[in-house]
Amino acid sequence: MVRKSKNRYRLTVGGLKVELSLWTGFTDTASDLEIAKAILHHMRFYSVYESVSNGADFDLKMIRASKSKAFNQS
């Protein structure tokens, strides 16, 4: 069984800090806003989701990149 590669992100909106791992298949093609909205939706922070959707400032950082790219090169 093959593990799906994931990147770990830290999202900060106001005083809220959330960390979540997301599949690289999604994050490689998604914008920062789409990633932020996916994290907030998954964690069920709907009011914060609406704020970000309406233009609230947020900070998104990748804190750990997937290691699986090394395994796919063989």
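Here is a short chat about the predicted model shown above.

Reader: I'm new here. How many helices and strands does the chain have?
Author: This is a predicted model, to start with. The chain has 4 helices and 3 strands.

Reader: In what pattern do they follow along the sequence?
Author: The pattern reads β-β-α-α-α-β-α.

Reader: How do the strands line up in the sheet?
Author: The 3 strands form an open sheet in the order β2-β1-β3. Their pairing is antiparallel.

Reader: Which are the edge strands?
Author: They are β2, residues 16-23, and β3, residues 59-64. Each of them pairs on one side only.

Reader: What about the twist?
Author: From one strand to the next, the twist averages 25°.

Reader: How many bridges join β1 to β2?
Author: There are 8 bridges between β2 and β1, which covers residues 6-13. The two strands run antiparallel.

Reader: Which residue in β2 stands opposite Lys6?
Author: Trp23 does.

Reader: Helices next. Where does α2 lie?
Author: Helix α2 is residues 32-42. It lies across β1, β2 and β3. Its direction is at about 105° to β2.

Reader: On to the core. Which residues touch the most other members?
Author: The largest nonpolar core has 14 residues. Tyr9, Leu11, Leu22, Ile35, Ile39 and Leu60 touch the most other members.

Reader: Which elements give two or more residues to this core?
Author: Strands β1 and β2 do, along with helices α2 and α3, the last being residues 46-53.

Reader: And where does the largest share come from?
Author: From α2, with 4 residues.

Reader: Back to Tyr9. What does it touch?
Author: Leaving out residues up to four places away in sequence, Tyr9 touches a long list. Among them are Leu22, Ile35, Ile39 and Leu60. Val18, Glu19 and Leu20 are also included, and so is Thr27. Lys61, Met62 and Ile63 are on the list too.

Reader: What share of the chain counts as buried?
Author: Of its 74 residues, 27% count as buried.

Reader: And the accessible surface of the chain, what does that come to?
Author: About 5500 Å². Carbon and sulfur atoms account for 50% of that.

Reader: What about contacts between residues at least 24 apart?
Author: Take the contacts between residues at least 6 apart in sequence. Of those, 50% join residues at least 24 apart.

Reader: New topic. How many salt bridges does a search find?
Author: A search of the whole structure finds 3.

Reader: What does Arg8 form a salt bridge with?
Author: With Glu19. Their closest N and O atoms are 3.5 Å apart. The pair links distant parts of the chain, 11 residues apart: Arg8 is in strand β1 and Glu19 in strand β2.

Reader: Which other side chain meets Glu19 in a salt bridge?
Author: That of Arg10, at 2.7 Å from N to O.

Reader: And the partner of Asp59?
Author: Lys61. The closest N and O atoms there are 3.9 Å apart. Shared partners join Arg8, Arg10 and Glu19 into one network.

Reader: Are the three network residues buried or partly exposed?
Author: Arg8 is partly exposed, at 23% relative accessibility. Glu19 is partly exposed at 32%. Arg10 is partly exposed at 33%.

Reader: And Asp59 and Lys61, buried or partly exposed?
Author: Asp59 has a relative accessible area of 35%, so it is partly exposed. Lys61 is at 47% and also counts as partly exposed.

Reader: Now Thr12. Where is its place?
Author: In strand β1.

Reader: Why does Thr12 count as buried?
Author: Because its relative accessibility is 19%, and buried means under 20%.

Reader: What does Thr12 touch?
Author: Lys17, Phe58 and Asp59, not counting residues up to four places away in sequence.

Reader: Last one. Where does Ser66 lie?
Author: In the loop between β3 and α4, which is residues 69-72.

Reader: Does Ser66 count as buried or exposed?
Author: Buried, because its relative accessibility is 15%.

Reader: And what does Ser66 touch?
Author: Ser5, Lys6, Asn7 and Thr24, again not counting residues up to four places away in sequence. Lys6 is the residue opposite Trp23 in β2.

Key: Residues numbered from 1 in each chain as written. Predicted model: local features only at pLDDT ≥ 70, side-chain atom pairs only at ≥ 80, totals over all residues. Heavy atoms only, no water. Buried < 20%, exposed > 50% of the residue type's maximum accessible area, 1.4 Å probe, protein only. Contact = heavy atoms within 4.5 Å. Areas by Shrake-Rupley, 256 points an atom, 1.4 Å probe, with all protein chains shown as cover. Pairing = 2+ DSSP bridges. Axes fitted to C-alpha atoms, helices over the stretch in contact; angles between N-to-C directions. Core = buried A, V, L, I, M, F, W, Y, C linked by side-chain atoms within 4.5 Å. Salt bridge = Lys/Arg side-chain N within 4 Å of Asp/Glu carboxyl O.
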